[in-house]
Amino acid sequence: MDRRRFLNKAGIGSIALASLPALQHALAVSASADGGAEHVRWDIISLAGGAPPGPINSGGYADARAPDNTYIRLTGSGRFVAPPGGDRGSGAVTGGGTWETFSGTPSPATSTGSGTYRVTELVSWEFANFQAPPPAFIDNIDEGRAANGAAVLKIAFSDDARGVLTVGCHGPAAPPGIFEGIATTKGYKTYYDVQPPQAGVDANRTIFHVRE
């Protein structure tokens, strides 16, 4: 059957087709209003002094090591809209940051490259729970409720390498099994040895904020 005749017969001709983007937008807004989609901000944070009261600000850094003992250092933040279910991807993303790679031992490590990266896609978002923030913490990001969980993001590096960034946040009241920090690939290289935060050191901390 001719496609145009079929569409006209079904009552969804050129006018309906022209309004399809508006319809898709309306459905997206409806899903968000119903609580199906989640609007999330992620940050690699700076916790001044590496301990409460902080405060918590964007602009920190986190490291991850590769099997050859080289490591990568990332800064970054961004936002994404996660569809219901958590295991579905989304192109509704913004954000990125800077990267720098370092040689391993013998120390001191030396810089082997640097640049920027941008987020291109959300692969998955797994919400764990909302944080129960200690009263001593000062949250200067404060864009929704602080949350624990894990996000997997596709990223593009400024030197044309591609990667997959995993951001994990194990904050106050988090269930066990979530790492705190980042892991990433850069091309074929796997920086999967997550560097945990240490008391008194302002590094390797993350946070999510979820708008309700």
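Student: Where does proline 55 lie?
Tutor: This is a predicted model. In it, proline 55 lies in the loop between E1 and E2. Proline 53 belongs to the loop between strand E1 (38-47) and strand E2 (56-58).

Student: What is the peptide bond from glycine 54 to proline 55, cis or trans?
Tutor: Cis, with omega near -5°. A cis peptide bond also joins proline 52 and proline 53, where omega is about 5°.

Student: What makes a cis bond worth pointing out?
Tutor: Most peptide bonds are trans.

Student: What is the sign of phi at aspartate 142, positive or negative?
Tutor: Positive. Phi is near 45° there, and the residue is not glycine. Aspartate 142 sits in the loop between E7 and E8. Aspartate 160 also has a positive phi, near 80°. Its place is the loop between E8 and strand E9 (162-169).

Student: What makes a positive phi stand out?
Tutor: Most residues other than glycine have a negative phi.

Student: Why is aspartate 142 called exposed?
Tutor: Its relative accessibility is 56%. Exposed needs over 50%. Aspartate 142 therefore counts as exposed. Aspartate 160 has a relative accessible area of 71%, so aspartate 160 is exposed by that rule as well.

Student: How do you know that aspartate 68 and lysine 189 form a salt bridge?
Tutor: Their side chains meet at 2.9 Å, N to O. The rule asks for a Lys or Arg side-chain nitrogen within 4 Å of an Asp or Glu carboxyl oxygen, so the pair qualifies.

Student: What makes this a link between distant parts of the chain?
Tutor: The two residues are 121 residues apart. Aspartate 68 is in the loop between strand E3 (62-65) and strand E4 (71-74), and lysine 189 is in strand E11 (residues 189-191).

Student: Why is aspartate 68 called partly exposed?
Tutor: Its relative accessible area is 44%. Partly exposed lies between the 20% and 50% limits, so aspartate 68 fits. Lysine 189, at 22%, is partly exposed too.

Student: How do you know that arginine 79 and glutamate 143 form a salt bridge?
Tutor: Their side chains meet at 2.7 Å, N to O. That is within 4 Å, so the pair counts. Arginine 79 is in strand E5 (residues 77-82) and glutamate 143 in the loop between E7 and E8, so parts 64 residues apart in sequence are tied together. Arginine 79 is partly exposed at 39%, and glutamate 143 is partly exposed at 21%.

Student: Which residues meet in a salt bridge at 2.6 Å, N to O?
Tutor: Aspartate 159 and lysine 186, through their side chains. Aspartate 159 is in the loop between E8 and E9, lysine 186 is in strand E10 (residues 181-186), and they are 27 residues apart.

Student: Why is lysine 186 called buried?
Tutor: Its relative accessibility is 14%. Buried means under 20%, so lysine 186 counts as buried. Aspartate 159, at 40%, is partly exposed.

Student: Which residues are joined into one network by salt bridges that share partners?
Tutor: Arg41, Asp43, Arg79 and Glu143. The count by this rule comes to 7 salt bridges.

Student: What makes the largest nonpolar core?
Tutor: It has 29 residues. Those with the most contacts inside it are Trp42, Phe80, Tyr117, Trp125, Leu165 and Phe208. The largest share, 5 residues, comes from strand E8 (residues 145-157). Another core lies apart from it, with 6 residues, among them Leu47, Ile56, Ile141 and Ala146.

Student: What do nonpolar side chains tend to do in soluble globular proteins?
Tutor: They tend to be buried together.

Student: Which residues is tryptophan 42 in contact with, leaving aside its neighbours within four places in sequence?
Tutor: The list includes Phe80, Tyr117, Leu153, Leu165 and Phe208.

Student: How do you know that asparagine 129 makes a polar contact with alanine 173?
Tutor: The asparagine 129 side chain reaches the backbone oxygen of alanine 173 at 2.7 Å. The limit is 3.5 Å, so the pair passes. Asparagine 129 is in strand E7 (residues 111-130). Its contacts beyond four places in sequence include Ala147, Asn148 and Pro175.

Student: How many helices and strands does the protein have?
Tutor: It has 3 helices and 13 strands. Buried residues make up 39% of its 212 residues.

How values were computed:
Residues are numbered from 1 along each chain as its sequence is written. This is a predicted model: local features need pLDDT of at least 70, side-chain atom pairs count only at pLDDT 80 or more; totals for chains, interfaces and linings use all residues. Side-chain values use heavy atoms; hydrogens and water are left out. Helices (H or I, at least four residues) and strands (E, at least two) are DSSP runs, numbered from the N terminus. A polar contact is a pair of N or O atoms within 3.5 Å; within protein, one must be able to donate a hydrogen and the other to accept it, and residues adjacent in sequence count only if both atoms are side-chain atoms. Contact means heavy atoms within 4.5 Å. A nonpolar core is a set of buried Ala, Val, Leu, Ile, Met, Phe, Trp, Tyr and Cys residues joined through side-chain atoms within 4.5 Å. Buried means under 20% relative accessible area, exposed over 50%, partly exposed in between (1.4 Å probe, protein chains only).
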